[in-house]
Amino acid sequence: RLRRGELAKARRFLDDLAAAQEAEGTRPSLIAKTLSNAAARALDYGQEGWAEELYRRASAAAPEDPVPRDGLAEVLKARGELEEAELLYRETVTRWPDDLFARTGLAMVLKARGELEEAERICRETTARWPNHAAARNALAEIMKARGELDEAERMYREAAGRWPDDPFSH
(Lines give C-alpha, C1' and ligand atoms only; values in the text may rest on other atoms or scores of the structure.)
Protein backbone atom coordinates (compact mmCIF):
# COMPACT_ATOMS: atom_id res chain seq x y z
CA ARG A 1 0.00 0.00 0.00
CA LEU A 2 2.85 2.37 0.73
CA ARG A 3 4.34 1.62 -2.67
CA ARG A 4 1.11 2.90 -4.21
CA GLY A 5 1.11 5.99 -1.99
CA GLU A 6 -1.89 4.82 0.03
CA LEU A 7 -0.68 5.89 3.47
CA ALA A 8 -4.12 5.99 5.09
CA LYS A 9 -4.89 2.45 3.90
CA ALA A 10 -1.48 1.23 5.06
CA ARG A 11 -2.08 2.75 8.50
CA ARG A 12 -5.52 1.13 8.79
CA PHE A 13 -4.15 -2.22 7.64
CA LEU A 14 -1.35 -2.15 10.20
CA ASP A 15 -3.61 -0.97 13.01
CA ASP A 16 -6.05 -3.78 12.21
CA LEU A 17 -3.22 -6.30 12.09
CA ALA A 18 -1.78 -5.16 15.43
CA ALA A 19 -5.25 -5.21 17.01
CA ALA A 20 -5.84 -8.74 15.70
CA GLN A 21 -2.47 -9.85 17.08
CA GLU A 22 -3.31 -8.39 20.48
CA ALA A 23 -6.78 -10.00 20.46
CA GLU A 24 -5.22 -13.39 19.65
CA GLY A 25 -2.82 -13.06 22.57
CA THR A 26 0.27 -12.67 20.44
CA ARG A 27 3.35 -11.99 22.57
CA PRO A 28 4.19 -8.28 22.75
CA SER A 29 7.69 -8.98 21.42
CA LEU A 30 6.18 -10.37 18.20
CA ILE A 31 3.82 -7.42 17.87
CA ALA A 32 6.85 -5.18 18.30
CA LYS A 33 8.58 -7.01 15.44
CA THR A 34 5.55 -6.41 13.23
CA LEU A 35 5.61 -2.72 14.12
CA SER A 36 9.38 -2.46 13.61
CA ASN A 37 9.18 -4.13 10.20
CA ALA A 38 6.38 -1.78 9.17
CA ALA A 39 8.40 1.19 10.46
CA ALA A 40 11.37 0.17 8.34
CA ARG A 41 9.13 0.04 5.27
CA ALA A 42 7.59 3.39 6.16
CA LEU A 43 11.07 4.87 6.36
CA ASP A 44 11.94 3.32 2.98
CA TYR A 45 9.00 5.22 1.51
CA GLY A 46 9.88 8.52 3.14
CA GLN A 47 7.25 8.34 5.88
CA GLU A 48 9.57 9.39 8.71
CA GLY A 49 6.79 10.58 11.00
CA TRP A 50 4.91 7.32 10.77
CA ALA A 51 8.14 5.35 11.12
CA GLU A 52 8.91 7.24 14.32
CA GLU A 53 5.42 6.54 15.66
CA LEU A 54 5.73 2.82 14.88
CA TYR A 55 9.18 2.48 16.41
CA ARG A 56 7.93 4.22 19.56
CA ARG A 57 4.97 1.83 19.74
CA ALA A 58 7.29 -1.13 19.22
CA SER A 59 9.64 0.10 21.95
CA ALA A 60 6.73 0.43 24.35
CA ALA A 61 5.47 -3.06 23.46
CA ALA A 62 8.88 -4.69 23.91
CA PRO A 63 11.17 -2.53 26.03
CA GLU A 64 13.61 -5.46 26.29
CA ASP A 65 14.26 -5.38 22.52
CA PRO A 66 16.89 -2.95 21.21
CA VAL A 67 15.74 -3.18 17.57
CA PRO A 68 12.94 -0.58 17.80
CA ARG A 69 15.29 1.79 19.61
CA ASP A 70 17.89 1.36 16.88
CA GLY A 71 15.26 2.08 14.26
CA LEU A 72 14.01 5.14 16.11
CA ALA A 73 17.56 6.48 16.36
CA GLU A 74 17.93 5.98 12.60
CA VAL A 75 14.77 8.02 12.01
CA LEU A 76 16.09 10.79 14.23
CA LYS A 77 19.44 10.70 12.43
CA ALA A 78 17.72 10.84 9.02
CA ARG A 79 15.80 13.94 10.13
CA GLY A 80 18.99 15.60 11.31
CA GLU A 81 18.04 15.35 14.99
CA LEU A 82 21.59 14.28 15.79
CA GLU A 83 21.64 15.11 19.51
CA GLU A 84 18.51 13.05 20.11
CA ALA A 85 19.82 10.20 17.96
CA GLU A 86 23.14 10.24 19.81
CA LEU A 87 21.41 10.14 23.19
CA LEU A 88 19.24 7.20 22.16
CA TYR A 89 22.19 5.29 20.66
CA ARG A 90 24.27 5.91 23.80
CA GLU A 91 21.44 4.63 26.02
CA THR A 92 21.07 1.58 23.79
CA VAL A 93 24.80 0.81 23.76
CA THR A 94 24.92 1.18 27.54
CA ARG A 95 22.03 -1.23 28.00
CA TRP A 96 23.00 -3.62 25.18
CA PRO A 97 26.79 -3.33 24.68
CA ASP A 98 26.75 -6.06 22.02
CA ASP A 99 24.26 -4.20 19.80
CA LEU A 100 26.45 -3.72 16.75
CA PHE A 101 23.82 -1.67 14.94
CA ALA A 102 23.64 0.82 17.81
CA ARG A 103 27.43 1.02 18.11
CA THR A 104 27.83 1.66 14.39
CA GLY A 105 24.90 4.09 14.35
CA LEU A 106 26.42 6.03 17.24
CA ALA A 107 29.73 6.27 15.40
CA MET A 108 28.00 7.59 12.29
CA VAL A 109 26.05 10.19 14.29
CA LEU A 110 29.29 11.32 15.89
CA LYS A 111 30.85 11.53 12.42
CA ALA A 112 27.95 13.69 11.24
CA ARG A 113 28.48 15.94 14.26
CA GLY A 114 32.18 16.24 13.46
CA GLU A 115 33.31 14.23 16.48
CA LEU A 116 35.62 12.08 14.40
CA GLU A 117 38.03 11.00 17.12
CA GLU A 118 35.32 9.40 19.26
CA ALA A 119 33.59 7.97 16.19
CA GLU A 120 36.85 6.33 15.12
CA ARG A 121 37.47 4.99 18.63
CA ILE A 122 34.03 3.37 18.74
CA CYS A 123 34.47 1.80 15.30
CA ARG A 124 37.95 0.52 16.11
CA GLU A 125 36.69 -1.05 19.36
CA THR A 126 33.78 -2.59 17.47
CA THR A 127 35.89 -3.97 14.62
CA ALA A 128 38.49 -5.30 17.06
CA ARG A 129 35.80 -7.20 18.95
CA TRP A 130 33.78 -8.23 15.87
CA PRO A 131 36.23 -8.31 12.94
CA ASN A 132 33.66 -9.84 10.59
CA HIS A 133 31.12 -7.05 10.98
CA ALA A 134 30.99 -5.42 7.54
CA ALA A 135 28.94 -2.38 8.57
CA ALA A 136 31.38 -1.41 11.32
CA ARG A 137 34.34 -1.81 8.95
CA ASN A 138 32.63 0.35 6.36
CA ALA A 139 31.72 2.95 8.98
CA LEU A 140 35.37 3.09 10.01
CA ALA A 141 36.36 3.64 6.36
CA GLU A 142 33.83 6.48 6.13
CA ILE A 143 35.29 8.07 9.25
CA MET A 144 38.84 7.76 7.92
CA LYS A 145 37.69 9.42 4.71
CA ALA A 146 36.12 12.26 6.72
CA ARG A 147 39.40 12.65 8.62
CA GLY A 148 41.19 13.10 5.30
CA GLU A 149 43.04 9.81 5.58
CA LEU A 150 42.13 8.86 2.05
CA ASP A 151 44.77 6.16 1.50
CA GLU A 152 43.65 4.36 4.66
CA ALA A 153 39.98 4.76 3.72
CA GLU A 154 40.61 3.38 0.23
CA ARG A 155 42.55 0.43 1.65
CA MET A 156 39.66 -0.33 3.98
CA TYR A 157 37.05 -0.03 1.20
CA ARG A 158 39.05 -2.39 -1.00
CA GLU A 159 39.52 -4.85 1.84
CA ALA A 160 35.79 -4.78 2.59
CA ALA A 161 34.89 -5.33 -1.06
CA GLY A 162 37.21 -8.34 -1.13
CA ARG A 163 35.97 -9.80 2.15
CA TRP A 164 32.27 -9.21 1.56
CA PRO A 165 31.73 -9.25 -2.23
CA ASP A 166 27.97 -9.78 -1.85
CA ASP A 167 27.46 -6.91 0.60
CA PRO A 168 26.26 -3.86 -1.35
CA PHE A 169 27.60 -1.54 1.36
CA SER A 170 31.12 -2.91 0.91
CA HIS A 171 31.49 -1.50 -2.60
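In helix H8, the buried residues are Ala134, Ala136, Arg137, Asn138, Ala139, Leu140, Ala141, Ile143 and Met144, where buried means under 20% relative accessible area, exposed over 50% and partly exposed in between, with a 1.4 Å probe and protein chains only. The model is predicted, so local features need pLDDT of at least 70 and side-chain atom pairs count only at pLDDT 80 or more, while totals for chains, interfaces and linings use all residues. Residues are numbered from 1 along each chain as its sequence is written, and side-chain values use heavy atoms, with hydrogens and water left out.

The protein has 9 helices and 0 strands. Both kinds of element are DSSP runs numbered from the N terminus, helices being H or I with at least four residues and strands E with at least two. From the N terminus on, the order of elements is α-α-α-α-α-α-α-α-α. The C-alpha atoms fill a box of roughly 55 × 35 × 30 Å, taken along the principal axes. Of the 171 residues, 43% count as buried. Among contacts with a separation of 6 or more, 48% come from residues 24 or more positions apart; contact here means heavy atoms within 4.5 Å.

Helix H8 comprises residues 134-146. Its 13 residues should span 18 Å at 1.5 Å a residue, and its end C-alpha atoms are 18 Å apart, which agrees. The expected span of a helix is 1.5 Å times one less than its number of residues. The cover over the buried residues of H8 includes helix H6 (100-112), helix H7 (116-129) and helix H9 (150-163). After H8 comes Gly148, with a positive phi near 85 degrees.

Helix H6 is mostly covered, as 10 of its 13 residues are buried. These residues are Leu100, Ala102, Arg103, Thr104, Gly105, Leu106, Ala107, Met108, Val109 and Leu110. They pack against helix H4 (66-78), H5, H7 and H8. The end C-alpha atoms of H6 are 18 Å apart, in agreement with the 18 Å that its 13 residues should span at 1.5 Å a residue. At the N-terminal end of H6, Asp99 acts as a cap, with a side-chain oxygen 3.1 Å from the backbone nitrogen of Phe101. H6 is followed by Gly114, whose phi is positive, near 85 degrees.

The packing of H5 can be examined through one residue. Glu86 lies in helix H5 (residues 82-95) and is buried, with a relative accessible area of 9%. Apart from neighbours within four places in sequence, Glu86 is in contact with Leu106, Val109, Leu110, Arg113 and Glu115. Among these partners, Leu106, Val109 and Leu110 also belong to the buried residues of H6. The C-alpha atoms of Glu86 and Thr104, which are 18 residues apart along the chain, are separated by 11 Å.

Towards the N terminus, the axes of helix H1 (residues 7-23) and helix H2 (residues 28-44) come within 10 Å and cross at roughly 170 degrees. H1 is therefore roughly antiparallel to H2. Axes are lines fitted to C-alpha atoms, for helices over the stretch in contact, and angles run from 0 to 180 degrees between N-to-C directions. Angles under 35 degrees count as roughly parallel, over 145 as roughly antiparallel, 65 to 115 as roughly perpendicular and the rest as oblique.

In this pair, Leu14, Leu17, Gln21 and Glu22 of H1 meet Ile31, Thr34, Leu35 and Ala38 of H2. By class, the contact has 5 nonpolar, 2 polar and 1 charged residues. Ala, Val, Leu, Ile, Met, Phe, Trp, Tyr, Cys and Pro count as nonpolar, Asp, Glu, Lys and Arg as charged, and the others, Gly among them, as polar. Thr34 in helix H2 is buried, with a relative accessible area of 18%. Not counting residues up to four places away in sequence, Thr34 touches Leu14, Leu17 and Gln21.

In helix H3, the buried residues are Trp50, Ala51, Glu52, Leu54, Tyr55, Ala58 and Ser59. The elements covering them include H1, H2 and H4. The 14 residues of H3 should span 20 Å at 1.5 Å a residue, and the end C-alpha atoms are 20 Å apart, which agrees. Ser59 is located in H3, residues 48-61, and at 16% relative accessibility Ser59 counts as buried. Leaving aside neighbours within four places in sequence, Ser59 is in contact with Pro68 and Arg69.

Definitions and conventions: A polar contact is a pair of N or O atoms within 3.5 Å; within protein, one must be able to donate a hydrogen and the other to accept it, and residues adjacent in sequence count only if both atoms are side-chain atoms.
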